[in-house]
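These notebook entries record what I looked up, in the order in which I took up the topics. I began with a term that the later entries rely on.

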Amino acid sequence: MYDEINFEKIDLSLEPPAKEPERQHYFIAKLRRYVEAERKRLDRSVTCAVVTFGCQMNARDSEKLSGILETAGYELTEDENADFVIYNTCTVRDNANQRVYGRLGHLGGMKKKFPHKRIALCGCMMQEPSVIEKLKKSYRFVDLIFGTHNIYKFAELLVTMFESKDPVVDIWDSTDQIVEELPTERKYPFKSGINIMFGCNNFCSYCIVPYVRGRERSREPEDILREIESLAADGVVEVMLLGQNVNSYGRNLKNPISFARLLQEVEKIEGIKRIRFMTSHPKDLSDELIAVMKHSEKICRHLHLPLQSGSTRILQAMNRRYTREDYLDLVQKLRREIPDLAITTDIIVGFPGETPEDVDLTIDMVKQVQYDNAFTFLYSKRTGTPAAAMENQVPDSVMKEGFDRLLNVVQDTARKQIRRLKGQTLDALVEEVNEQDPALLTGRLSNNTIVHFPGDKSLVGKIVPVYLKECHGFYYAGEIQEANNG
Ligand code: SAH
Ligand code: SF4
Ligand code: F3S
């Protein structure tokens, strides 16, 4: 593993190796020299901030960026006054982009006052040519720009940045590389996300992810299991397996393996107590997976199953490849096999051609499925996707009306679902000391519900039984149930 690498011993008088990850190890060693020189010049530690926009996959990428920066000698901070700031961007909806531009303007202002400050941008938004044009024209103070496919070259790109007078811009169209064995800095010591695959092949007609993340590539199961074993040895008790569509994991490997089989292997790893995964595409959720979940001691009782729309006509236009009936059948099967399963979802309102009657169908689905939670989004037109070229775009006011109607039902249903747990005692993984009240701890149940309860901070990272006393809307107030030794 990388923590056994002695970076001081890497001979920088030699040419950089061609092979990965050795090449990046060489550049980390080189980067350490630059950071050390900066530290001497400033006569204080050199700081950096990694700011994440977007999904859990981006959050995991940010942990990799942080790992490399820390290994290079930077001190990590959340303060954007840092000497080096990198934004890991998202472009799934336009408001994500607008947030980046807004905050970037602010960073530019800081750099005017502190010219030694360095600014970098990476992530999904950078894979869009129109974004790069805009940045080159109007945000010339950005020192380094790269995309999703060459993120594994971060150390090398930073060295180029230090050695170049001009901004460094390096965007690739695609990659077939999956580079293992780079340093990672985890946000929580006791839980971690793990990429099991990258990219997406589904091309839902509204979605930009396949264009900015490339084709689906699965990691080898051995690499995934080795990573989880070393996380477990390092104190991690909960893992979240990450992919845009985990249900198609492993199909394109030289030795194909199903997602359900992978889960069974993860289950065997000692020290891991909880397994989560995200996201499941309904069209690929197999009976094998349901059976594995049902009999598992470790797989959490939570499934995120994006619906997107309850209207078969809209689902077809979205290229989701299931009908309303398919989805309902699947939910029935899940409820029958795993009665204590919490189901959550994503829904889009305002897809081109959607009528108020289609929204009624979506609302009816929410009532039938009884989601524990649903993330509702206003449709956002993404340039280059098939839906953006559709003629019957829905006016904003109609979209908003449908959205508000849906949100009401979603919230009512979620409150009702959560209330049903009242009076039970369930295991919670203690995640942190409550921000508002330091006498309280915040824990998460297997079904993803949050519970606050009095307790000592030494319990963070532990799993404790909690009595669910009072339901406050979307979360619980509880009490630790002392073990009954009698
Ligand atoms: N791979 C996951 C989701 C990735 S994006 C899946 O297939 O479920 C997360 C959510 O963003 C999607 O589920 C969808 O509800 C929403 N989304 C994606 N593109 C969108 C767009 N153009 N406008 C509004 N919401 C969008
Ligand atoms: Fe986007 Fe569909 Fe792929 Fe999810 S499955 S990332 S919504 S294209
Ligand atoms: Fe956003 Fe990229 Fe994730 S577009 S949702 S950060 S894959």
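**Entry 1: a term.** I take helices and strands as DSSP runs, counted from the N terminus, with at least four residues for a helix and at least two for a strand. I also note that the model is predicted.

**Entry 2: cavities.** How many cavities of 30 Å³ or more does a search of the whole structure find? I noted three.

I turned to the largest cavity, which holds about 60 Å³ of space. Its lining consists of Met240, Ile275, Arg276, Phe277, Met278, Ile299, Cys300 and His302. Strand β11, residues 274-278, gives the largest share of this lining, namely four residues. By class, I recorded six nonpolar residues, one polar and one charged in the lining of the largest cavity.

I then looked up the second largest cavity, with a volume of about 50 Å³. I listed Val349, Gly350, Glu354, Thr355, Pro356, Val359, Val394, Val398, Met399, Glu401 and Gly402 as its lining. Two or more residues of this lining come from each of α12 (356-369) and α13 (396-419). Which element supplies the largest share of the lining of the second largest cavity? I found that α13 does, with four residues. The lining of the second largest cavity divides into six nonpolar, three polar and two charged residues.

**Entry 3: a pocket.** I next examined the second largest pocket, in which about 820 Å³ of space lies. I recorded 33 lining residues, and those nearest the centre of the pocket are Arg60, Lys64, Leu182, Thr184 and Glu227. Helices α2 (56-71) and α7 (221-233) each give at least two residues to the lining of this pocket. I noted 14 charged residues in that lining, along with eleven nonpolar and eight polar.

**Entry 4: nonpolar cores.** I found 69 residues in the largest nonpolar core, where Ile196, Leu241, Phe259 and Phe277 have the most contacts inside it. Phe277 had already appeared in my list for the lining of the largest cavity. Apart from the largest core lies another one of 30 residues, including Val46, Ala120, Phe154 and Phe162.

I then looked up the contacts of Phe259, leaving out residues up to four places away in sequence. Phe259 touches Ile196, Leu241, Val246, Asn247, Tyr249, Phe277 and Leu289.

**Entry 5: ligand surroundings.** Around ligand 2 I listed Cys200, Asn202, Phe203, Cys204, Tyr206, Cys207, Val209, Pro210, Gln244, His281 and Arg320. The shell of ligand 2 has seven nonpolar, three polar and one charged residues.

For ligand 3, I recorded Cys55, Asn58, Cys90, Thr91, Val92, Cys124, Arg213 and Gln244 as the surrounding residues. In this shell I noted four nonpolar residues, three polar and one charged. Gln244 stands in my list for ligand 2 and again in my list for ligand 3.

**Entry 6: Lys165.** I located Lys165 in the loop between α5 (154-163) and β6 (168-170). Is Lys165 buried or exposed? I recorded Lys165 as exposed because its relative accessibility is 86%, and the cut-off for that class is over 50%. Lastly, I looked up Lys165 together with Tyr467, which are 302 residues apart in sequence. In space, I noted a separation of 60 Å between Lys165 and Tyr467, taken from C-alpha to C-alpha.

Terms used
Residues are numbered from 1 along each chain as its sequence is written. Chains are lettered from A and ligands numbered from 1 in the order in which they are written. This is a predicted model: local features need pLDDT of at least 70, side-chain atom pairs count only at pLDDT 80 or more; totals for chains, interfaces and linings use all residues. Side-chain values use heavy atoms; hydrogens and water are left out. A residue is near a molecule or strand if one of its heavy atoms lies within 4 Å of it. Ala, Val, Leu, Ile, Met, Phe, Trp, Tyr, Cys and Pro count as nonpolar, Asp, Glu, Lys and Arg as charged, and the others, Gly among them, as polar. A nonpolar core is a set of buried Ala, Val, Leu, Ile, Met, Phe, Trp, Tyr and Cys residues joined through side-chain atoms within 4.5 Å. Buried means under 20% relative accessible area, exposed over 50%, partly exposed in between (1.4 Å probe, protein chains only). Contact means heavy atoms within 4.5 Å. On a 1 Å grid over the protein atoms alone, a cavity is a set of points where a 1.4 Å probe fits but cannot get out, and a pocket is an open set with protein on both sides within 12 Å along at least five of seven lines; lining residues have an atom within 4 Å of a point. Grid points are joined across faces, edges and corners, and a volume is the space filled by probe spheres set on the points.
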